[in-house]
Amino acid sequence: MANSKRNISITGSTEFSDLLVKEPSTYAAGAKAVKVALQHAFKEMGVVKSLKGLAQMNQKEGFDCPGCAWPDPDTPSKVAEYCENGAKALAEEATNKKVDAAFFKKYSVEEISQWTDYQIGKSGRITEPMVLYPDSIHYEPISWEKAYELVAEHLHQLKDPDEAIFYTSGRSSNEAAFLYGLFIRAFGTNNMPDCSNMCHESSGVALSETLGIGKGSVTLDDFEKAEVILVIGQNPGTNHPRMLSALQKCKEQGGKVISINPLKEAGLIRFKNPQEVKGLIVGGEALTDIHLQVKINQDVALLKAILIKLAALDKQTKEVFDHEFIQTYTQGYESLLEHLQNFDAQELIKQSGVLSSLIDQVVELLAHKNKIIICWAMGLTQHKNGVENIKECVNLLLLKGSLGKPGAGTCPVRGHSNVQGDRSVGIVHHASPAFNSAVENVFGFTPPTKAGLDTVHSIKAMHEGKAKVFFALGGNFVSAVSDTQYAADALQNCELTVQVSTKLNRTHTTAGKTALILPTLGRSEFDLKDGKPRFFTVENSMGKVHRSKGMLSPASDNLKSEPEIIGGIADAYFKGNHPVDWLSLSEDYTAIRAKLQEMLAGFKGLEEKSKGSGFYLPNNVRELDFSKLPNGKAQFSNCSVPDHHLQEDEFLMMTIRSHDQFNTTIYGMNDRYRGIFNERRVVLMNPKDIEKFDLAALEIVDLTSNYDNTLRKAENFKIISYNIPQGNIATYFPETNILVPFNHYADKSNTPISKSVVVKILKKSSQDTI
């Protein structure tokens with residue numbers, strides 16, 4: 001698939017590797033995970049560098065894992081406070097491979113675009129600033145000073161500040177994100193889309209409207225105090241492996257784990273803790289007590305059936321729901337009960353695809369417990385009704401009084417390691433009067449009050465030529481977002497694209513007319529100023545802020561930190577004609593933190609409190625303070641049940657990650673836990689569906705989606721017979737992001753519908769639609 005600007009492929013090679021399919025694993029981690037992690041690290045970094053880096057990752061005086069946002073315990077393990085995928089994340093960042101001027105002279109962007117995402121990512125660390133000029137297909141070196149001036153020149157040429165888009169990934173530190181947001185506001189726009197728009201925006205909206213804060217309420221300690229933990233739409237064994245240790249602690253204290261997911265994932269079947277003898281040489285710990293194999297996006301139907309059954313029991317005994325809690329802290333209880341009467345439990349159960357007997361077991365368990373945690377991830381958020389999916393979870397917790405007490409609460413499990421921190425320090429496209437007032441008081445300029453664009457609307461603006469400059473602080477934008485072809489075309493419409501990056505990725509090939517790559521330090525690397533190491537801070541998935549300080553030698557002497565890059569661009573743009581001394585502030589992280597403390601009440605004492613295991617930001621749910629909500633109460637919600645109206649020849653597709661993957665970074669070609677090796681272009685399909693539509697395992701097919709009479713096509717995928725509900729299929733992203741329409745997204749949150757895309761399957765032999 002090429003475009004008319006440069007001859008660029010948006011998919012890379014669609015040729016197949018040597019696919020091998022085995023039985024899915026029945027456990028996660030164990031000795032195998034240790035072996036794979038070390039093999040990967042040694043191959044990329046060498047033995048000495050690997051052991052040095054791994055020993056300091058997630059330690060109190062070390063650096064935060066560049067992978068997921070799962071919190072560190074107050075007393076980290078001295079053996080290894082990291083997981084297999086954390087080791088892979090470090091290896092990717094600290095690889096010894098280099099992408100330099102000679103590399104870009106040898107390979108054009110057109111040639112690189114023909115590679116798979118895996119091949120592109122394995123090229124190595126970018127070692128110097130690079131520029132791609134109009135009518136050129138080769139990046140070439142540029143000095144930092146000229147790069148800053150080039151960005152400033154393009155920004156000055158814009159007729160309106162809203163013609164610029166400033167994207168943020170979750171990799172950035174609090175200090176970098178805060179300074180970035182400050183510059184964007186000083187420039188004059190709130191166009192600050194970020195990776196949250198693509199993942200947990202539905203969580204933020206739902207939790208803000210029902211509980212008054214867009215974050216979860218639990219702490220890590222709550223897991224071993226919980227009586228029941230529901231894990232919904234999440235695969236922790238691959239995406240957040242250290243969470244398995246927390247679930248294990250719950251089990252050891254007598255708690256129960258309920259998993260709800262269309263796929264029965266290995267990590268929730270059994271966990272072999274590699275730090276324990278029984279995890280290395282014995283069978284490990286069985287984690288899930290009850291697995292509910294729900295159909296894709298039928299979580300509301302399932303949860304509503306559970307609520308109806310619990311309500312029937314409570315009507316008899318008045319002991320199932322926490323009526324004192326409901327009376328004191330909530331609003332909308334009677335309305336919810338009336339709403340539930342509109343549904344038939346058996347019809348909901350049938351729609352969910354879950355066995356009635358299993359639901360009864362869950363109801364019996366929940367009826368007698370009130371220390372309940374609900375965890376969730378993209379399996380709930382990336383749907384048209386993503387916000388209501390989370391609101392139905394909140395309904396259950398409110399009915400049981402499972403908030404504001406030990407062992408209970410909400411737990412949206414965030415992906416990237418500081419995506420939540422970005423929001424806390426001001427990366428948000430909505431104008432906040434309180435935040436703007438603080439900026440004006442502390443920095444002496446008036447920020448814009450017009451709401452900015454989120455991710456999907458930023459892509460639309462670029463595609464329509466309404467936005468002309470795209471700046472990305474980290475991330476692999478075109479591979480992360482929906483509708484790959486549309487997004488790639490949008491970026492190439494821009495006069496300038498700028499990417500602050502550590503490694504090469506596909507978005508560097510889908511560049512604007514002029515494009516810059518500005519290489520930055522990784523999490524694990526020394527960040528020195530005048531020979532002295534600097535530290536930065538991050539916020540984990542549970543709202544705890546702590547320090548991170550790199551200790552490996554940088555990949556190049558020509559790298560700059562993210563704050564320094566932002567400061568350099570801001571200084572070049574304003575040329576000293578602004579109240580903020582951008583260069584001085586960007587070089588002094590302590591000064592940035594001082595401004596954070598001055599502006600944001602929750603960050604008071606940041607410099608000192610971030611030491612050691614860090615500190616929790618304020619969380620009103622933990623205090624049962626709902627004063628900012630209507631009538632000062634937490635809100636029940638009446639949620640609709642989705643109906644996708646599938647035709648006989650249509651399937652509901654969800655995109656998933658492999659075990660050798662973190663977000664858009666592909667570590668390898670294996671999905672070990674699911675028994676899939678050497679290939680990513682696969683379709684997981686129920687064996688009955690394979691037979692019904694006269695298909696065969698390993699047969700090659702194409703996939704199509706058709707929204708608003710726009711046909712999208714993903715070519716060359718092999719069918720794998722798998723335990724997934726009939727009518728549902730699963731595929732890896734970003735390979736099938738091309739099928740996700742840019743203009744269909746969750747109500748209120750605008751999160752793409754990547755987990756519930758209606759598709760058809762085309763046989764390669766005749767291209768007949770199935």
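How do the axes of helix H8 (residues 174-187) and helix H25 (residues 562-574) cross, and at what angle? In this predicted model, they come within 9 Å and cross at roughly 15 degrees.

## The H8 and H25 pair

Angles under 35 degrees count as roughly parallel, and H8 and H25 are therefore roughly parallel to each other. Their crossing is left-handed.

Let's look at who meets whom. H8 brings Ala176, Leu179, Tyr180, Phe183, Ala186 and Phe187 to the contact. On the other side, H25 offers Glu562, Pro563, Ile566, Gly567, Ile569, Ala570, Tyr573 and Phe574. Sorted by class, the contact of H8 with H25 has 12 nonpolar residues, one polar and one charged.

## Enclosed cavities

Now for the spaces inside the model. There are six cavities of 30 Å³ or more. The second largest cavity has a volume of about 200 Å³, and 16 residues line it. Those that lie nearest its centre are Leu521, Gly522, Arg523, Phe536 and Glu562.

Glu562 will be familiar by now: this residue of H25 also takes part in the contact with H8. As for the character of the lining, the second largest cavity has five nonpolar, five polar and six charged residues around it.

## The largest pocket

How much space lies in the largest pocket? The answer is about 1,400 Å³. Its lining is made of 41 residues, and Ser208, Ile213, Gly214, Lys215 and Arg423 are the closest to its centre.

Three helices give two or more residues each to this lining: H9 (201-211), H20 (419-424) and H21 (433-443). H9 provides the largest share, with four residues. By class, the lining of the largest pocket divides into 14 nonpolar, 18 polar and nine charged residues.

## Two backbone details to visit

Most residues other than glycine have a negative phi, and most peptide bonds are trans. Two places in this model are worth a look with that in mind.

Where is the cis peptide bond? It joins phenylalanine 733 and proline 734, with omega about 15 degrees. Proline 734 sits in the loop between strand S32 (728-732) and strand S33 (757-763).

The other place is aspartate 135, a residue other than glycine whose phi is positive, near 70 degrees. Aspartate 135 also belongs to a loop, the one that runs between strand S5 (130-132) and strand S6 (140-141).

Terms used. Residues are numbered from 1 along each chain as its sequence is written. This is a predicted model: local features need pLDDT of at least 70, side-chain atom pairs count only at pLDDT 80 or more; totals for chains, interfaces and linings use all residues. Side-chain values use heavy atoms; hydrogens and water are left out. Axes are lines fitted to C-alpha atoms, for helices over the stretch in contact, and angles run from 0 to 180 degrees between N-to-C directions. Angles under 35 degrees count as roughly parallel, over 145 as roughly antiparallel, 65 to 115 as roughly perpendicular and the rest as oblique. A crossing is left-handed if the near helix is turned anticlockwise from the far one by less than a right angle, and right-handed if clockwise. Contact means heavy atoms within 4.5 Å. Ala, Val, Leu, Ile, Met, Phe, Trp, Tyr, Cys and Pro count as nonpolar, Asp, Glu, Lys and Arg as charged, and the others, Gly among them, as polar. On a 1 Å grid over the protein atoms alone, a cavity is a set of points where a 1.4 Å probe fits but cannot get out, and a pocket is an open set with protein on both sides within 12 Å along at least five of seven lines; lining residues have an atom within 4 Å of a point. Grid points are joined across faces, edges and corners, and a volume is the space filled by probe spheres set on the points.
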